[in-house]
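Work through the exercises below with the model open. Try each task before reading its solution.

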Amino acid sequence: QGIDLNTRCPVCLRFDEDGGHCFLECKAVKRCWQDLALESQSLLSASSATDFVQHVLKLKPDLCGKIMTLL
């Protein structure tokens, strides 16, 4: 018997929310990325969470700090 979890996004109500949606793809989050002029950082192309973090850590310190604060 499994645990019943609510996987609906609390912001846009999308079913089966995952980390990618929560931090990068939700419409509300995308607006935050755009407002901070961070949407062009090609973070969506990361193939895993590890690749994502490695990519962020290779950025300039001020940019890395902005992204980490947003996340």
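**Exercise 1. Backbone after a helix**

Which residue just after α2 takes a positive phi? Then place that residue and classify its exposure.

Solution. The model is predicted, so keep that in mind throughout.
- Step 1. Ala-37, just after α2, has a positive phi of about 55°.
- Step 2. Ala-37 is a residue other than glycine.
- Step 3. Ala-37 sits in the loop between α2 and α3.
- Step 4. The relative accessible area of Ala-37 is 55%, so Ala-37 is exposed. The cut-off used here is over 50%.

**Exercise 2. Another positive phi**

Describe the backbone, place and exposure of Asp-16.

Solution.
- Step 1. The phi of Asp-16 is positive, about 55°, although Asp-16 is not a glycine.
- Step 2. Asp-16 belongs to the segment before α1.
- Step 3. Its relative accessible area is 57%, and Asp-16 is therefore exposed.

**Exercise 3. Overall layout and confidence**

State the secondary structure, the dimensions and the confidence of the chain.

Solution.
- Step 1. Count elements: the chain has four helices and zero strands. Along the sequence the pattern reads α-α-α-α.
- Step 2. Take the principal axes. The C-alpha atoms fill a box of roughly 45 × 25 × 20 Å.
- Step 3. Check the surface. The accessible surface of the chain is about 5500 Å², and carbon and sulfur atoms hold 55% of that area.
- Step 4. Check burial. Of the 71 residues in the chain, 23% are buried.
- Step 5. Check contact range. Among contacts with a separation of 6 or more, 25% join residues 24 or more positions apart.
- Step 6. Check confidence. The average pLDDT of the chain is 86, and 96% of the residues score at least 70. Confidence is lowest in α1, with a mean of 84, and highest in α4, at 92.

**Exercise 4. The two sides of α2**

Which residues of α2 are buried, and which are exposed on the other side?

Solution.
- Step 1. Helix α2 spans residues 27–35, and its buried residues are Ala-28, Val-29 and Trp-33.
- Step 2. Look down the axis. The buried residues of α2 fall within an arc of 145°, so they line one face of the helix.
- Step 3. Turn to the other side of α2. Lys-27 and Asp-35 are exposed there.
- Step 4. Find the partners. The buried residues of α2 pack against α1 (19–25) and α4 (61–70).

**Exercise 5. The two sides of α4**

Repeat the analysis for α4, and explain why its buried residues share a side.

Solution.
- Step 1. The buried residues of α4 are Leu-63, Cys-64 and Ile-67.
- Step 2. These residues cover an arc of only 100° around the axis, which puts them on the same side of α4.
- Step 3. The face turned away from the buried side of α4 carries exposed Pro-61, Asp-62 and Thr-69.
- Step 4. The buried residues of α4 pack against α2 and α3. The packing of α2 also names α4.

**Exercise 6. A histidine and its contacts**

Is His-21 buried or exposed, and which residues does His-21 touch?

Solution.
- Step 1. His-21 is in helix α1.
- Step 2. The relative accessibility of His-21 is 5%, so His-21 counts as buried. The cut-off is under 20%.
- Step 3. Leave out residues up to four places away in sequence. His-21 then touches Cys-9, Cys-12, Arg-14 and Cys-26.

**Exercise 7. A nonpolar surface patch**

Which residues form the nonpolar patch on the surface? Then examine Leu-71.

Solution.
- Step 1. The patch is formed by Phe-23, Val-53, Leu-57, Met-68 and Leu-71. Together they have about 420 Å² of accessible area.
- Step 2. Leu-71 lies in the segment after α4.
- Step 3. With a relative accessibility of 33%, Leu-71 counts as partly exposed.

**Exercise 8. A loop lysine**

Where is Lys-60, and what distance separates its C-alpha atom from that of Phe-23?

Solution.
- Step 1. Lys-60 is in the loop between α3 (49–57) and α4.
- Step 2. At 63% relative accessibility, Lys-60 counts as exposed.
- Step 3. Lys-60 and Phe-23 are 37 residues apart along the chain, and 20 Å separates their C-alpha atoms.

Notes: Residues are numbered from 1 along each chain as its sequence is written. This is a predicted model: local features need pLDDT of at least 70, side-chain atom pairs count only at pLDDT 80 or more; totals for chains, interfaces and linings use all residues. Side-chain values use heavy atoms; hydrogens and water are left out. Buried means under 20% relative accessible area, exposed over 50%, partly exposed in between (1.4 Å probe, protein chains only). The arc is that of the directions from the helix axis to the C-beta atoms. Contact means heavy atoms within 4.5 Å. pLDDT is the predictor's confidence in each residue, from 0 to 100. Patches are made of residues with over 30% relative accessible area and no salt bridge: like charges are joined within 9 Å, nonpolar side chains (Val, Leu, Ile, Met, Phe, Trp, Tyr) within 5 Å. Accessible areas come from the Shrake-Rupley method with a 1.4 Å probe; for residues, only the protein chains shown count as cover. A salt bridge is a side-chain nitrogen of Lys or Arg within 4 Å of a carboxyl oxygen of Asp or Glu.
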